[in-house]
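Open the model in your viewer and set the colouring to confidence. We will go from selection to selection.

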Amino acid sequence: MEASPQPQAKSDANEPAKAGIAAFLNPAEMHKLGRLLLLSRNKVEGNLAGAHRSPLRGPSSEFADHKSYGIGDETRHIDWRVFARTDRYFIKRYQDETNLRVYLVLDRSASMNYASGDWPTKFQFASRLAAAVGYVIVKARDSIGLFLHGEKVDVRMDVGNSFQHLNNLLKHVQSHPPGGGSDVAKTLHEIAASIRRGALVVVISDLLGDEEEIVKALAHLRKQRHDVILFQTLDPAELDLSLLKPCELQDMETGEELAVNPRVLAEEYQEVFGKFLEHYKKACAGMNIDYRIVPTNQPLESFARVYLSERRRLSR
Amino acid sequence: MFLAPLFLIAAVVGATMPFFLHLMQNRKRLRLPFPTVRFLRKAEKNTSRRIRLENIFLWLLRTLIMVLLGSAFAMPMIRSGGVGWLGEAPRDIAIVLDASYSMGYQVGKGTVWDKSIDSAVAILEGLRDPDRFCIFLARDQPEAVFAEPVSNKQEGIARLRTLQPGQTSSRVVPAVNAAMKALLKADPLREHEIHIITDNQALPWRNLNSGGLEAQIEAKTAVFVSLLGVSAPENTAIVSLDLQPPVVRKGAEMRAVVKLRHTGRPVDTALSLFIDDREISRRHVNAADTDSAEPSFTMPLLEVGVHAARIQTPDDNLQADNVFYFLVKVQEQMPSLIVGSESETLFLRTALRTGFGGENSIEATTPERMTEKPLSRYASVVLCNALPLFGQAISAVESYVKSGGVLVVFPGMGAKPEAYVSWTCLPGVPSRVEDLPLSQRNRVLTWDQPQHALVRNLREGIGIPSISIRRRLAFDTLQEGAQRLVSMGANQPFLLERPFGAGRVLLFAVSGDSAWSDFPLSPFFLPLLLQCAEYGGGVGSKTPFEWATDYLPLSDRFPDLKTPPTLKAPDGQPVSVRASVLEGRTVLNAENLLLPGFYALTSPESPEGKPVLAVNILREESDLTPTAEAEVQKQLGIENAAFAYDLETLRTLIEEHRLGRTFGEHLLWLALLLMAVEFVCANILGRSKGGGRDLSGSQESIGIGSGARFLRNESAGAEG
């Protein structure tokens, strides 16, 4: 396990309040993230020329296929070598390349405000993760948009590919602290319906909702031919119930109370919670969704670096 | 019964502590927000029944631990036996003291007996007023000091101080029988204790003739056995002495052969022979030979008379058996009566006269005139072709043998085998007179009983005895008790012997003249005949010493005594001699000959007296081989006897029995064991395998416990 990072949330009170990306990433982290690239594993339909594969044919250096010559086709695209062999006219077509549209779907429900010990809250960690992803996207001149939701979509920002846009996006995140209930499934359905054309949807949530419904919503996204990345941010205490003393726990969203002895319940809890996570894992694997559990006690920068490298390798 | 009953309150309070802690814990529970309560509820639902059972188990375990701790500090007492759980009942005790002479074994500044008396006194001093005691001494026969339970402790202690160990061995079991009877007879409802005080010696516990306990020791009777002797005693003692010959003629050679017994590690020792209070010689015995060697002393030439002699071993821890007393009897002559015709007894008369150096040692007569002689005057009577004899003559001869004489019979042509039938004292009745063919006449004599007193000295220096036999008596069967001393050839008796009464009968298979064989002409005729005569002198005499006894018939030893003599013990005190008339004869019996040493007959002419008896204490007791607790318990028929090896241990055992024994320490150990069980169970049941964090603020390191299993698996899968 890597060394525990210093929680970003606990900043010095004397420092002036930061806004935008500077509130989430420091220059060193940005420097390291600047070298990374987030690629889509699917073909995406952007509105600008870019580095990502498009379902369309267009001008590029990467050969796509041959097509029989038809009226209206430019003669300069005829592949004369094929004509020489077959005595027929074929047009040589190339892969069109476009930019990547990425939508961040960030959960701001009350349960995201949980942190055990000195670790950052799940929302803080998710925000930083969103900032990191956004920085990588914008740095690659791709576009990024935002859906910030609790029980409903609270903030929607269309895609943009400037740092100004990213700063504005993150300011919205800053200005909407976690609270209220959550309905992840409903929100994802809404988002799936609202995003046109194939895009990359990055969902960052603790997914503590009805897992069956959430899986259906994820399937909806996939049906819309969106590439989906699912980051499930969880606190270490949620994973193994590593609490010491018997206590009375109150659910952060429903207010339900339960007196427990963590030592006694830990093993059974891990069993139950493990099944819950396993359900997501299997469902995502079946839908070709990139699913990651992100404990809040791990260094963000290293996680992002490892993940994006792996993603890049798999996207080729 | 508890020594510190106030701690029982602590036990009760302690028992309620787990319950109150449980309540307090519930009341002060920390309330925390948590996002995954629904999963916790599901987990709790799955495990609630198990958790409840585990909690109840732990609660009971903790309550039990607190109760045990409180009870342990309250020092509960448990009685080892008896009926008085709530209090002490009056008790009767019996003390059985081993009074054998081995109790005189020196241990430090005192003896085992001194320690035994101290222990007995301590037992009496530990009695309460209503308690009673009786005291028995274990000797050969149990001896009651207090035959019935009494309560006067001071008298009992005073009597104990006056007791001394005896000069005999002891048997504990009969004394325990007597003690049990006394206790049961007195008051069977009281608590009973039997205190056996002895040394470590195994001998008193051997049920030689005692037959074991007459009744089982009651379960409620506590038995304390004090084995106060040393664990590895050492002792060397002379256990027997053999004078060869038992009676010696003046000027003849005599040897004293002693047998030693040693207990403990082998040590060198030295034996000193004293005769008439003068040290005559000394023998050294190597350590390796202490048990097996039979050192002998050659006696000096002594004057006619009875000489007081003793052999001493060096001083050791048990001094009572260091001296062995005996008497040496020297006679002027060993008179023999030869019965037969002059011609047939020629060889015999010549041989005996030559051997004993004069005419006075033998007398000759004919069979017809034999009854005129007082046979009791002669050490031996030799019948040479004197048979057949009839009626009064046979009766006189057999009476002579029965009273300790030696009859030597040489056959002859005068008697047929039928002539021997009317004799009852002969070793065998010959079946025929057998003439041997020329080819079978040369016979080699072989010694069938080489260690027999008659022939053991004869074997030396005579080479291989061979004689020519022309005729012999043949025997098909021998009488009961008869034995063949010398054979001619294979299995054909040459000389037979049979004990008869106090005397012996020797029967030769050939005649005493040269008619049947050339035996009278052989070089070993003379020594064999002289041995017969010497043997006759010794057979009739009693052993040179007596074992200490309560009762000794004197008439057999001193037939000339008609009135009770004045017998003086070694300490100068007169010995009680009782006279009684039995079948018209006056029988004299000496009593209490228990003191070792020389007993003398005194008369007005000789106030000092002359030694007539040498008395030694029984040497069985010299075997100090230690016993084992298991053997003692086996003899007593119980398994719960309490053994003490010193006074302090005995006091502790008695205290534990009478007051009880605390098992607080056992409870503490049990509580400790349960604590360990509780610790293990609480940890196993608490599933504290992984790390944990206190949410109240303190930072601890987070281990990837079993709780992060899914995450680990997930990561591994991704890497794969």
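Start with chain B of this predicted model. Its mean pLDDT is 82, and 88% of its residues reach 70 or more.

Now select residues 81-86 of chain B. Here the pLDDT is below 50. Beyond near neighbours in sequence, the stretch has 13 contacts in the model. Next, select residues 688-712 of chain B, where pLDDT also stays under 50. For these residues the model has 63 contacts beyond four places in sequence. For the complex, the predictor gives an ipTM of 0.78 and a pTM of 0.53.

Move to the largest nonpolar core, which has 92 residues. Select B:Ala94, B:Ile95, B:Val96, B:Phe136, B:Val176 and B:Ala179: these have the most contacts inside it. Then show helix 5 of chain B, residues 172-186. This helix gives the core its largest share, nine residues.

Centre on B:Val96. Which residues does B:Val96 contact, leaving aside its neighbours within four places in sequence? Among them are B:Phe136, B:Ala138, B:Val172, B:Ala175, B:Val176 and B:Ala179. The list also includes B:Ile194, B:His195, B:Ile196 and B:Ile197.

A second, separate core has 88 residues. To find it, select A:Ala185, A:Ala237, A:Phe273 and A:Tyr280, which are included in it. In soluble globular proteins, nonpolar side chains tend to be buried together.

Finish with all of chain A, shown as a cartoon. Its secondary structure comes to nine helices and 11 strands. Of its 316 residues, 45% are buried. Take the contacts in chain A between residues at least 6 apart in sequence: 78% join residues at least 24 apart.

Definitions and conventions. Residues numbered from 1 in each chain as written. Chains lettered and ligands numbered in written order. Predicted model: local features only at pLDDT ≥ 70, side-chain atom pairs only at ≥ 80, totals over all residues. Helix = DSSP H or I, 4+ residues; strand = E, 2+ residues; numbered from the N terminus. Buried ≥ 20, exposed ≤ 12 C-beta atoms within 10 Å, placed from the backbone. Contact = placed C-beta atoms within 7 Å. Core = buried A, V, L, I, M, F, W, Y, C linked by C-beta atoms within 7 Å. pLDDT = per-residue confidence, 0-100.
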